[in-house]
Amino acid sequence: MRVYLPCTLPALAAAVEAGEVGPAPLTGYAVTPALTEWYASGDTEELEYVALTEAARASLRMLAAAGGKAAPRRVVVAAEVPDREVSAGVDLEERGRVRLAGPVPLAKVAAVHVDDHDAVADIEAAIAALPASDAGDDDARFTVDGAEAHELMWYATQEIPELLA
């Protein structure tokens, strides 16, 4: 199963050093039965894009929690994980969210998706707007949603060292 794991650049660097994405348990996003039921008309590629987008939203929250200690670029690690290692909830609120009981070896990583440098200003604005957005402010929600206007760039696993340099 393809699982999208929200991350940050410092966390990605730590994963490279450790040889695995962790520590467990990990929260990720994937094409789950609940997601498939909710998004009835989509094909697998569209559903994977929805899961990737959910992981990017979680990465934004990780950046906010880092309090400025991580570069303002969303990071999503895409990994191939055996189905038996993934558990999914059935609640539609959590339609794409999955849990992994163990760390993910880097050998299972298929690619990394990262914001381009051009997105930094919008990501910084989205991070700053998160508290107001969560409180129901529509203007702040618009700013947070604006981060999603930026497509994440795709990096092959062999490009990770260059990305982190």
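**Notebook: strands, cores and a helix pair**

I began with the first strand and found that β1 and β4 pair in the antiparallel sense, with six bridges between them. I note at the outset that I am reading a predicted model. To fix the register of this pairing for myself, I looked up R2 and saw that R2 stands opposite E80 in β4.

I then turned to the other partner, and here β1 and β3 also pair in the antiparallel sense, over two bridges. In this pairing I found Y4 standing opposite Y29 in β3.

Next I asked myself how many of the six residues of β1 are buried. I found that five of them are, and I therefore wrote the strand down as mostly covered, with buried taken as under 20% relative accessible area.

I went on to the nonpolar cores. The largest one has 23 residues, and those with the most contacts inside it are V3, L5, L12, V21, L100, V104 and V112. Two or more residues of this core come from each of β1 (2-7), α1 (9-18), β3 (26-30), β4 (75-80), β6 (97-100), β8 (109-114) and α6 (160-164). I also noted a second, separate core of eleven residues, which includes L60, L63, A129 and A147.

I picked out L5 for a closer look and listed what it touches, leaving aside its neighbours within four places in sequence. L5 is in contact with V21, L26, T27, G28, V75, V76, V77, L100 and V104.

From there I moved to H113, which lies in strand β8. Is H113 buried or exposed? Its relative accessibility is 10%, and because buried means under 20%, I entered H113 as buried. Not counting residues up to four places away in sequence, I found H113 touching Y4, L52, R74, V75, V76, A78, L152, M153 and W154.

My last entry concerns two helices, α4 (residues 120-134) and α5 (residues 138-146), whose axes come within 8 Å and cross at roughly 145 degrees. I recorded the crossing of α4 past α5 as left-handed. Which residues of α4 and α5 meet? On the α4 side I listed A125, A126, A129, L130, A132 and S133, and on the α5 side A140, R141, T143 and V144. Sorting the residues of this contact by kind, I wrote down seven nonpolar, two polar and one charged. I marked A129 for a second look, since A129 appears in the contact with α5 and is also listed in the second core.

Methods
Residues numbered from 1 in each chain as written. Predicted model: local features only at pLDDT ≥ 70, side-chain atom pairs only at ≥ 80, totals over all residues. Heavy atoms only, no water. Core = buried A, V, L, I, M, F, W, Y, C linked by side-chain atoms within 4.5 Å. Buried < 20%, exposed > 50% of the residue type's maximum accessible area, 1.4 Å probe, protein only. Helix = DSSP H or I, 4+ residues; strand = E, 2+ residues; numbered from the N terminus. Contact = heavy atoms within 4.5 Å. Pairing = 2+ DSSP bridges. Axes fitted to C-alpha atoms, helices over the stretch in contact; angles between N-to-C directions. Left-handed = near helix turned anticlockwise from the far one by under 90°. Nonpolar A, V, L, I, M, F, W, Y, C, P; charged D, E, K, R; others polar.
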